[in-house]
Amino acid sequence: MKSYISQKVSDNMMRDKIMTNLFYQPSTRTSASFQAAMHKLGGKVLSFNEINYSSVAKGEDLEDTLNTLKQYSDLIVLRHPDITSTQVASKIKDVSIINAGNGTGEHPTQALLDLYTIKNEIKKDAPTITFFGDLKYSRTVHSLLDITDKYYNNKCKRNFVSNGDFQIDDKYFRYGDLVTNKLTKNIFENTDVLYVTRLQKEYITNNTQMEYTVTPDLMSKFNNDMILMHPFPRVWEIDKKVDNDPRAKYFDQIKNGLLVRMTLISKLLV
Ligand code: NCD
């Protein structure tokens, strides 16, 4: 990807293009990296991060909003709390729309940058990935499962570590997966990627909780050549004392997000 960007991408290739960021849910990294990517390619950006100051607050539906914004845009980056928002978006013609997160469903561009990070760090035919935290509502987990299945031909071993309220949905389960509520010796010894997520409290309707924090002590139980990932934002799932551990790759993920999104925009709009 770095060579694609240095050889094929120029800083004015999006000179005449406008990208619209339409975010119905909070975002720091996804929104900022799409904007930074478009700026680096020489394009312009319209930003709707405060959707309550748009006509959405007057009751305009998603279809009308998209059909309006496409009149000014070559590309729309959409984040929406409804899982079905992708179905509405797929019916809009004459504009490219990128899914930047649809409720508890998918987050495909995060999966691209997560896969890119794994590929850079773990040189194995099929890494063992341990998913830890809220696996039920985390769209980044769902999309990473999908993309790693495609890229590694269903060969990755997956461990799903969570409690009953936040465990992975049965539809993602396949033969050979380990579903458990605690980290075990077998998991410590065999994990290549520990992928941690926060509790997605915006989707939790009852008082269910789960407590888990990755500390230096916990990290000492894993192999030296594994990596620790998190899509961020982190709340309390990873102790900041872990940040200096060379296995912590969450800031690399954030950096890779820019490269991935520059590549994606340039491939979509050229
Ligand atoms: C994630 C998201 O929005 O799904 N963040 C991101 O895009 N980097 C993860 C999260 O909010 O927990």
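In this predicted model, the side chain of Gln 200 offers an N or O atom that sits 2.9 Å from an oxygen atom of the ligand. Arg 198 does something similar: an N or O atom of its side chain is 2.7 Å from a ligand oxygen. With Pro 231 the backbone takes over, as one of its polar backbone atoms lies 3.1 Å from a nitrogen atom of the ligand. On its own the ligand would expose 320 Å², and the protein buries 93% of that. Besides Arg 198, Gln 200 and Pro 231, the residues around the ligand include Thr 30, Arg 79, His 107 and Gln 110. Arg 139 and Thr 140 belong to this set too, along with Phe 232 and Pro 233.

Arg 139 also leads into the next part of the picture, since helix H6 covers residues 139-151. This helix is the middle piece of a right-handed β-α-β unit, with strand E5 before it and strand E6 after it. E5 (residues 129-132) and E6 (residues 158-161) run parallel and are joined by four bridges. Over on E8 (residues 193-196), E5 finds another parallel partner, again through four bridges. Ile 129 takes part in both pairings: it stands opposite Arg 158 in E6, and its bridge partner in E8 is Val 193. As for the faces of E5, both are covered. Ile 129 and Phe 131 are buried on one side, while Thr 130 and Phe 132 are buried on the other.

Further along the chain comes helix H9, made up of the 20 residues 250-269. From first C-alpha to last, H9 reaches 29 Å, close to the 28 Å expected at 1.5 Å a residue. Quite a few of its side chains are tucked away: the buried residues of H9 include Tyr 250, Gln 253, Asn 256 and Arg 261. Among the others on that list are Leu 259, Val 260, Met 262, Ile 265 and Leu 269, as well as Thr 263 and Ser 266.

Loops can hold buried residues as well, and Ser 54 is a case in point, being found in the loop between strand E2 (44-48) and helix H3 (62-69). Its relative accessible area is 17%, so Ser 54 counts as buried under the 20% cut-off. A polar atom of the Ser 54 side chain lies 2.7 Å from the backbone oxygen of Ile 51. Looking the other way along the chain, Thr 65 is 11 residues from Ser 54, and the C-alpha atoms of the two are separated by 9.4 Å.

How values were computed: Residues numbered from 1 in each chain as written. Predicted model: local features only at pLDDT ≥ 70, side-chain atom pairs only at ≥ 80, totals over all residues. Heavy atoms only, no water. Helix = DSSP H or I, 4+ residues; strand = E, 2+ residues; numbered from the N terminus. Expected span 1.5 Å × (residues − 1). Buried < 20%, exposed > 50% of the residue type's maximum accessible area, 1.4 Å probe, protein only. Pairing = 2+ DSSP bridges. Right-handed = clockwise from strand over helix to strand, strands pointing away. Near = heavy atom within 4 Å. Polar contact = N/O pair within 3.5 Å; in protein donor to acceptor, adjacent residues only side chain to side chain. Areas by Shrake-Rupley, 256 points an atom, 1.4 Å probe, with all protein chains shown as cover.
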